[in-house]
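Here's a short set of exercises on rings, cores and cysteines. Have a go at each one before you read the solution.

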Amino acid sequence: MSCLFFFHNRLTLHTPQSILNVSRLLKSLPDERNNPMKINEQYHNLTLLENVTYEFLGRDGETHEETEPILVEHMMDVYVNERLTMKLICIPEHLAELVLGRLFTEGIITSADDVDQIYICEFGKRARVILSKNKSGQSHEENEDYVAPTPTCCTGNRVLNDYFITDQPMMPVTPIPWKKQWIFDLADCFANGTPLHSQTWATHSCFLACDGELLFQCEDIGRHNALDKAIGYALRHNVDLKKCVVYSSGRIPTDMAIKAIRAGIPVLASKASPSAEAVAMAKEYHLTLICAARRDRMKLFNGNNPTE
């Protein structure tokens, strides 16, 4: 599996020991042209890092001044059918994917077909989403005072109204056969480092794969944002999430499990640990949950044993 790094809209390739042919990997990427949804992204190469000077204080009494890059927090307002619906704090990369994934995991849309267009301004500060007529024509009980936090690793994201949120219950996912090597390959990709994390040690990352092929990886301030970006990428590019494996750098509480289940993802793996409630939820909804997934070992908390 090759590790794809999308950084400032450029594609860089890092290759762990288990490498697939690059041309084969690129040919496997789905075609966005089959998706009727229109996406207009006006932003380019927004600031991701800022050099900050600080005073180093050592236990042995050493003191000196150092300068290093740190992450810049980016805020984006998301308007759905002209209503301010969400405020997101994130890294300004893959913003359309973030918006699309968040709409999906919040229950505002059930597929990419529910979205006519997504527009993101040149500064990446405002996203405008127009839902398809069948979605926008639904009746909802409006509550203008509704303000709820959207989990994003304490980044302060908010859902500002529940006008578009549906009450559809979560459905169990359909398990798929999976291989240990798929998870080890993703752990290799994480261990090899991602661009922003290598410079700051301050991001979470998420990897989307299908049948052993790595399709997408991303970084963000919060692990929830990173997962939503991976889900949004799949929706944008017509990837069948029901056949996918997702690997996250962050711990798996119930809100992360819910995102995977709502997306229909059958296998959720993580470098970190789950909560007891997330394990119970995985059992209830048939989610294959693999945690503490490192280059040489993993813990299977729920799901069928690997095929090999």
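**Exercise 1.** Is F216 buried or exposed? Then work out how its ring sits against that of Y233.

*Solution.* Keep in mind that this is a predicted model.
- Start with F216: its relative accessibility is 1%, and buried means under 20%, so F216 counts as buried.
- Y233 comes out at 6% relative accessible area, so Y233 is buried by that cut-off too.
- Next, the geometry: the ring centres of F216 and Y233 are 4.4 Å apart, with 10° between the planes. Planes under 30 degrees apart count as stacked, so that's what we call this pair.
- Finally, place the partners: F216 belongs to strand β13 (residues 213-220) and Y233 to helix α6 (residues 223-236). They are 17 residues apart, and the pair links distant parts of the chain.

**Exercise 2.** How many aromatic pairs are there, and what class does the pair of F190 and Y247 fall into?

*Solution.*
- The count comes to 3 aromatic pairs.
- For F190 and Y247, the centres are 6.3 Å apart and the planes meet at 45°. Stacked needs under 30 degrees and edge-to-face over 60, so this pair is tilted.
- Along the chain, F190 sits in helix α4 (residues 180-191) and Y247 in strand β14 (residues 244-248), 57 residues apart.
- Check burial: F190 has a relative accessible area of 19%, and the cut-off is under 20%, so F190 still counts as buried. Y247 is buried as well, at 1%.
- Zoom out a little: ring pairs join F190, F207 and Y247 into a cluster.

**Exercise 3.** Which residues of the largest nonpolar core touch the most other members?

*Solution.*
- This core has 59 residues, and the ones you're after are V78, V129, L208 and L241.
- Pick V78 and skip its neighbours within four places in sequence: its contacts include R83, L84, M86, V99 and V129.
- Apart from that core there's another, of 20 residues, with W178, Y247, V267 and A269 among them.

**Exercise 4.** Which residue lies over the face of Y79?

*Solution.* Look for a charged side chain above the ring. It's R126, at 3.9 Å from the ring centre of Y79.

**Exercise 5.** How many disulfides does the structure hold, and are C90 and C291 buried or exposed?

*Solution.*
- A disulfide is a covalent bond between the sulfur atoms of two cysteines.
- The tally here is 0 disulfides.
- C90 has a relative accessible area of 0%, so C90 is buried.
- C291 also has 0%, so C291 is buried.

Terms used
Residues are numbered from 1 along each chain as its sequence is written. This is a predicted model: local features need pLDDT of at least 70, side-chain atom pairs count only at pLDDT 80 or more; totals for chains, interfaces and linings use all residues. Side-chain values use heavy atoms; hydrogens and water are left out. A disulfide is a pair of cysteine sulfur atoms within 2.5 Å. Buried means under 20% relative accessible area, exposed over 50%, partly exposed in between (1.4 Å probe, protein chains only). A nonpolar core is a set of buried Ala, Val, Leu, Ile, Met, Phe, Trp, Tyr and Cys residues joined through side-chain atoms within 4.5 Å. Contact means heavy atoms within 4.5 Å. Rings of Phe, Tyr and Trp (its six-membered ring) pair if their centres lie within 6.5 Å; planes under 30 degrees apart count as stacked, over 60 as edge-to-face and the rest as tilted. Helices (H or I, at least four residues) and strands (E, at least two) are DSSP runs, numbered from the N terminus. A charge sits over a ring if NZ of Lys or CZ of Arg is within 6 Å of the ring centre and within 35 degrees of the ring normal.
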